[in-house]
Amino acid sequence: MSKTYRSTRSSSKDTKSFEETIIQGLASDGGLFIPSEIPQVSEETLKQWSQLSFQGLALEIMKLYISSEEIPEADLKVLIERSYSTFRSKDVTPLAKDVTGKNEHLHILELFHGPTYAFKDVALQFVGNLFEYFLQRANKDLPQEQRKRITVVGATSGDTGSAAIYGMRGKKDVSVFILYPTGRISPIQEEQMTTVPDQNVQTLSVKGTFDNCQDIVKAIFGDVEFNKKHNVGAVNSINWARILAQMTYYFYAYFQATNGSPSKVKFVVPSGNFGDILAGYYAKKMGLPVERLIIATNENDILDRFLKSGVYERSDDVAATLSPAMDILISSNFERLLWYLARDVLASNDDQKAGEILNQWFTQLKTKGKFEVDSAVVKHALVDFDSERVSNAETTSTIKETYANSQNPQHYILDPHTAVGVCATKRQMAKDNDKSIQYISLSTAHPAKFAEAVNEALSSFEGYSFEKDVLPDELKVLSTLEKKLKFVEKADVELVKSAIEEELAKMGL
Ligand SMILES: Cc1ncc(COP(=O)(O)O)c(C=O)c1O
Ligand SMILES: N[C@@H](CCOP(=O)(O)O)C(=O)O
């Protein structure tokens, strides 16, 4: 097993080590890194894994993707233990089983027990420690002026930003710049990011959409000179480490839902940038016997439309929905899936040919604003995936219905992103009409982060109180803290680069 990585747009045999892949973030040809091979896990191994703790499982999975010559097992174990010691649940990602009653087998995978109450913590606590590990090793015994540094530049529609900041705050030799669309994230999300006082952290509020912010970040990665000068690092899910760390909870939840006996399992994943569900795809390809992965989108439905039409089309018409973290129309990680589809269907399993095809598709996306794939490609995607589009009205009614009807526990409160997933799950149940299926619906954020949507759905219920029932004490204090942010008046890469350099100078760098 090579444990190396290649770019989705490369037509050469070149590969990179794990460390190069993580530190570089985005390939220099604009593609995303993927493993040269997907490791396979036998039934026997799965049986053994079903007995492991979350941390034990993470170690077994990561060992299959990281050579022990790069990170010895003992070090990897310490990194994993440290990363999950910050979580509020001993299970890290607990599964709330049979939330809507024993008959439906609807289990909610709670991914929000980390420091910032969002699923991103699962990967970004690990990524922060990984950066630190690589830098400490590279800088050992080096004088100050020769130390290697990383300038993290990330884009957020609300959650990646705070999770990245909490993963990187105070880390030596790392500075963090997070771009977010002005006015398009929730007040608590903004407070979480902007009230962190650490000197190595700066938020940039950019007039535009998340897609604009993400385009700027990718342009900065493609700017050879800026990159050479500042050694830019990625915290978005373009960084392979994000996907890798997210695989653990698919295995862990599967084992919890099935109690070790073979069952049909569907995962339903509220999706935007396609990083979360992609980790499930890798788990499935490794051998986890998942029936299907269901992509749940809000009204920004590029993924749903692709699965129905085969057309992948850029658009600037991002709708502001009740699930703002998924207000995304350029779904970064979809490129990784497209590479596998192209390789299997159009390139006779030839990696280099697949890279060529991807290059053509993404060149068309850039020049013509869209590309269309053969119906055989879509058919192949539908073997592993299905999709559901959920409206704002359905999001609200799902939060309401779940609160009114949940049985285990009663009055379960969904955040609006999770509600998109639960609504999609209910639709799948109705279509499948198969009581033997276990549905694992991913809960990607704590409801406290989205007061407006949750209150819109629940304030008419007698006895409901956001302050009392939803808001943790830790988040209550945020509004009293001083904010640190810089406005960027136009979604323009040069303006953002100048803002970063100005702030780096203030940091004395
Ligand atoms: C709360 C929440 N749910 C769902 C998503 C969508 O996840 P992904 O972008 O990995 O598809 C995001 C953002 O990424 C999010 O912050
Ligand atoms: N929804 C995300 C958008 C960024 O996606 P990422 O997973 O690629 O970091 C957010 O909350 O920021």
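By class, the shell around ligand 2 consists of one nonpolar, eleven polar and one charged residues. These belong to a predicted model, and the account below starts from this ligand and then turns to the other parts of the structure.

**The two ligands**

Around ligand 2 there are 13 residues, of which the closest are T156, D159, T160, N236 and S237. Helix α6 gives the most to this shell, contributing three residues. Ligand 1, for its part, is surrounded by 16 residues, and the closest of these are D159, N273, G275, A325 and T444. The residues of the shell around ligand 1 divide into six nonpolar, eight polar and two charged. D159 is thus named among the closest residues both for ligand 1 and for ligand 2. The table sets out the make-up of each shell.

| Ligand | Nonpolar | Polar | Charged |
|---|---|---|---|
| Ligand 1 | six residues | eight residues | two residues |
| Ligand 2 | one residue | eleven residues | one residue |

**Strand β5 and its neighbours**

Strand β5, which spans residues 150-155, is mostly covered, with six of its six residues buried. The cover extends to both faces of β5, since I150, V152 and G154 are buried on one side, and T151, V153 and A155 are buried on the other. Six bridges join β5 to strand β6 (residues 174-181), and the two strands run parallel. Within this pairing, T151 stands opposite S175 in β6. To pass from β5 to β6, the chain goes through helix α6, residues 159-168, and the resulting β-α-β crossover is right-handed. β5 is also joined by two bridges to strand β8 (residues 232-233), again in a parallel arrangement, and here T151 stands opposite V232.

**Helix α11**

Helix α11 covers residues 275-286, and its twelve residues reach 17 Å from the first C-alpha to the last, which is close to the 16 Å expected at 1.5 Å a residue. Because ten of its twelve residues are buried, α11 is largely enclosed by the rest of the structure. Those buried residues are G275, D276, I277, L278, A279, G280, Y281, Y282, A283 and K284. G275, one of the buried residues of α11, is also among the closest residues to ligand 1.

**The annotated domain**

An unreviewed UniProt entry carries the annotation "domain: Tryptophan synthase beta chain-like PALP", and this annotation covers residues 108-342. In the model, the end C-alpha atoms of residues 108-342 lie 33 Å apart, and the span is 45% helix and 17% strand.

Key
Residues numbered from 1 in each chain as written. Chains lettered and ligands numbered in written order. Predicted model: local features only at pLDDT ≥ 70, side-chain atom pairs only at ≥ 80, totals over all residues. Buried ≥ 20, exposed ≤ 12 C-beta atoms within 10 Å, placed from the backbone. Helix = DSSP H or I, 4+ residues; strand = E, 2+ residues; numbered from the N terminus. Pairing = 2+ DSSP bridges. Right-handed = clockwise from strand over helix to strand, strands pointing away. Near = placed C-beta within 6 Å. Nonpolar A, V, L, I, M, F, W, Y, C, P; charged D, E, K, R; others polar. UniProt positions renumbered as here; feature names shortened; annotations may be inferred. Expected span 1.5 Å × (residues − 1).
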